[in-house]
Structures are given as structure tokens and as C-alpha cells.
Amino acid sequence: MAGVTADSPLMLRVRGISRVGSIARIVLERPDGDALPVLDAGTHLDVVTPSGIVRQYSLVTTLGPPDAWLIVVDRAPASRGGSSSLFDDLAPGDRVRVVGVRNLFPLRSGWRYIFLAGGVGITPIAAMIGELEARGVTAWKLLYGARDRSAMPFADELTEYGADRVELWPQDERGIPDLRAFVGEPDPGALVYCCGPEGMIRAAEIATSDWPAGSFRTERFSATPLLPGHEEMPFDVEIASTGRVLRVHADESILEVVRRVGIRVPSSCQEGTCGTCETGVLAGIPAHRDSILDAEERALNEVMFICVSRAKTPSLRLEL
């Protein structure tokens with residue numbers, strides 16, 4: 001399934017869709033009725049919405065039908081046409097185009113697991129929990145928060161694991177959770193997985209800032225916000241295959257600049273979340289703004305995602 005691209009998409013049919021509040025559960029199947037493959041927890045789809053916008057949705061690999069794929073959509077109040085299009089415009093029998101199937105959030109080996117999920121960020125986390133349980137691994141706990149209970153899909157299924165392992169945290173009832181208290185002191189060999197809104201991810205990063213490198217794992221579905229004082233600056237990009245030097249201005253991305261001169265680079269999300277535009281770095285230091293690389297991978301400066309990332313140095317030499 002990794003070969004699914006914009007040039008060779010996977011056409012699926014909506015088997016069913018159920019809506020509760022702003023949450024929609026969408027089951028996708030093959031039009032020919034054959035079973036879809038079972039994919040690892042953490043896998044996401046690049047989905048072309050009815051509006052034409054591409055958005056990423058994690059597969060709920062262990063709570064959906066065994067022969068189909070389940071995604072969950074939260075209709076954002078300020079939707080730019082992605083979630084609202086899927087929520088409002090899809091009906092059973094409609095076709096959906098998938099242009100990418102990737103796992104950038106794999107479940108790694110650890111001696112125990114701490115899961116932090118917010119809203120529909122539960123989708124990859126629920127899949128990981130199901131995968132661990134299938135292996136007989138029970139050393140995990142989950143804090144699951146959302147604005148209210150109506151925004152917590154799979155809450156009923158997850159609470160069946162017991163209150164000692166699953167803590168529900170609807171904010172309208174309990175306020176903001178203390179993530180530091182939940183994760184506890186640094187624990188070598190333990191892994192903390194987090195998926196949810198940006199505020200929760202930032203709080204989790206702070207709560208685990210003194211944990212060993214690589215302990216904290218997260219997945220974002222939007223570009224990493226630019227911090228104050230880190231305004232965009234122009235820089236040069238050298239194309240390694242030709243030696244040509246291109247200027248990237250403050251209001252444009254590397255991707256836009258190289259495409260303008262005829263260099264074809266695949267890209268889906270253009271938000272640093274899908275991984276399609278990964279590009280090798282041969283010289284210079286990138287300013288990473290993707291939501292894919294972890295701290296160790298960023299420090300290597302071997303690759304960057306040119307749809308959002310920029311440069312800390314006056315120039316970059318890229319493997320293009």
C-alpha cells in the first residue's frame with residue numbers, strides 16, 4: 001500500500017458513515033468487495049476530500065471492521081474545507097480517493113507505554129492499545145481528554161480496559177489535565193505517545209522535556225507553529241544535480257520555488273505532515289518546521305520536508 005500516490009491513487013467506497021455531534025466515523029471499503037489489508041497501528045491515509053483538499057487521517061486499525069478501514073473526522077468549527085467536506089458531503093456508496101498510505105508514527109518497542117490523546121487524536125492511540133493487547137502487553141496507561149464527552153470517540157470501548165489504565169478527562173467536567181503528574185518521573189525504557197490538538201502536544205512536550213531522548217513520540221496533522229522571534233528570512237537553495245542556485249523569499253516555500261523552475265517534487269499535504277516531499281540535505285542547516293522528524297532526526301540534518309521547512313544558514317544544498 002505504500003505505493004499509493006497522486007498518480008496512482010486507491011479508489012475506495014464509503015461503506016457507512018455515522019455522525020454524533022461533530023464526530024463522524026467513516027468506514028471505507030474496496031468497490032470490488034475484496035478485503036483491505038490490515039495495516040500497523042500509526043498508519044494514516046492521505047485522503048482527497050470531496051472539496052479537493054488533501055487531509056491526513058489515522059486508521060483505527062483495531063476497532064473497525066476486519067475487512068475495511070475506519071477513519072474518524074472531527075468537523076472543525078473553522079474548517080478550511082477539509083473536515084467539513086468529509087463530514088457534510090459524504091454518503092454511503094460515494095467514492096473516496098486515497099493518494100498516500102504511510103506510517104510516520106510507528107509503535108516502537110518499550111517496556112511500558114504512556115498514552116496521551118485529545119479528541120480524535122485517539123485514533124492512532126486506540127490502534128496502538130489494541131495492537132499491544134493482541135501481543136499480550138498490558139503495561140500501558142491512557143489519559144484521554146477532549147472538550148466534552150461528545151468529542152471522545154471510542155470512550156466506551158476503551159473504558160472496558162479498566163479505570164486503573166484508562167482515565168477519561170472531559171474538560172467541561174474536569175478542567176485541564178496535569179500531564180506532568182500523569183506521566184510521572186523520567187523512566188528509561190518507557191515510551192510516551194501523544195496525539196491531539198497542538199495545545200496538548202505542547203504541554204506533553206514540556207511534561208516530558210527531562211525524559212531520555214526518543215522517549216516522547218507524537219504526530220501532528222498541521223505544521224509546527226512558528227515561534228515568536230523566528231520570522232521567515234530569505235535564503236538560497238543550491239540544486240545538487242545542476243549546481244543552480246535559487247532564491248527562496250520570505251513569503252514562499254522551497255517547494256514552490258523548485259516547482260516553478262520545473263523540478264518535480266511530489267507533495268500532498270503542504271503542511272509538513274504527510275512526508276511526501278522528503279528531500280536530502282547535503283550542506284547547510286535546515287529550520288525544521290515539519291511534524292514528522294523527532295529531535296534526534298532533526299539534529300542529524302540529513303533530510304527535510306521542503307513544503308514547510310526553511311533554512312537557519314544563508315544557503316542549503318539539497319539532493320534534487
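In the predicted model, the face of helix α6 directed away from its buried side bears the exposed residues G199 and I206. The buried residues of α6, which spans residues 198-207, are M200, I201, A204 and A207. Viewed down the helix axis, these buried residues fall within an arc of 120 degrees and therefore line one face of α6. Their packing partners include three strands that precede α6 in the chain, β7 (112-118), β8 (140-146) and β10 (190-195). The buried residues of α6 also pack against helix α5 (179-183) and strand β11 (216-218).

Empty space within the structure was examined next. A search of the whole structure identifies 1 cavity of 30 Å³ or more, and the largest cavity has a volume of about 40 Å³. The lining of the largest cavity is formed by L104, T218, E219, R220, T273, S291 and I292. Classified by residue type, this lining comprises 2 nonpolar, 3 polar and 2 charged residues.

The second largest pocket encloses about 710 Å³ of space. Its lining consists of 29 residues, among which F216, T218, L293, D294 and A295 lie nearest the centre of the pocket. Strand β11 and helix α8 (295-300) each contribute at least two residues to the lining of this pocket. Helix α8 provides the largest share, 4 residues. By class, the lining of the second largest pocket contains 11 nonpolar, 8 polar and 10 charged residues. Residue T218 appears in the linings of both the largest cavity and the second largest pocket. Strand β11 thus recurs in two settings, as a packing partner of the buried residues of α6 and as a contributor to the pocket lining.

Technical notes
Residues numbered from 1 in each chain as written. Predicted model: local features only at pLDDT ≥ 70, side-chain atom pairs only at ≥ 80, totals over all residues. Heavy atoms only, no water. Buried < 20%, exposed > 50% of the residue type's maximum accessible area, 1.4 Å probe, protein only. Arc of directions from axis to C-beta. Contact = heavy atoms within 4.5 Å. 1 Å grid on protein atoms, 1.4 Å probe; cavity = no way out; pocket = protein on both sides within 12 Å on 5 of 7 lines; lining within 4 Å. Points joined across faces, edges and corners; volume = space filled by probe spheres on them. Nonpolar A, V, L, I, M, F, W, Y, C, P; charged D, E, K, R; others polar.
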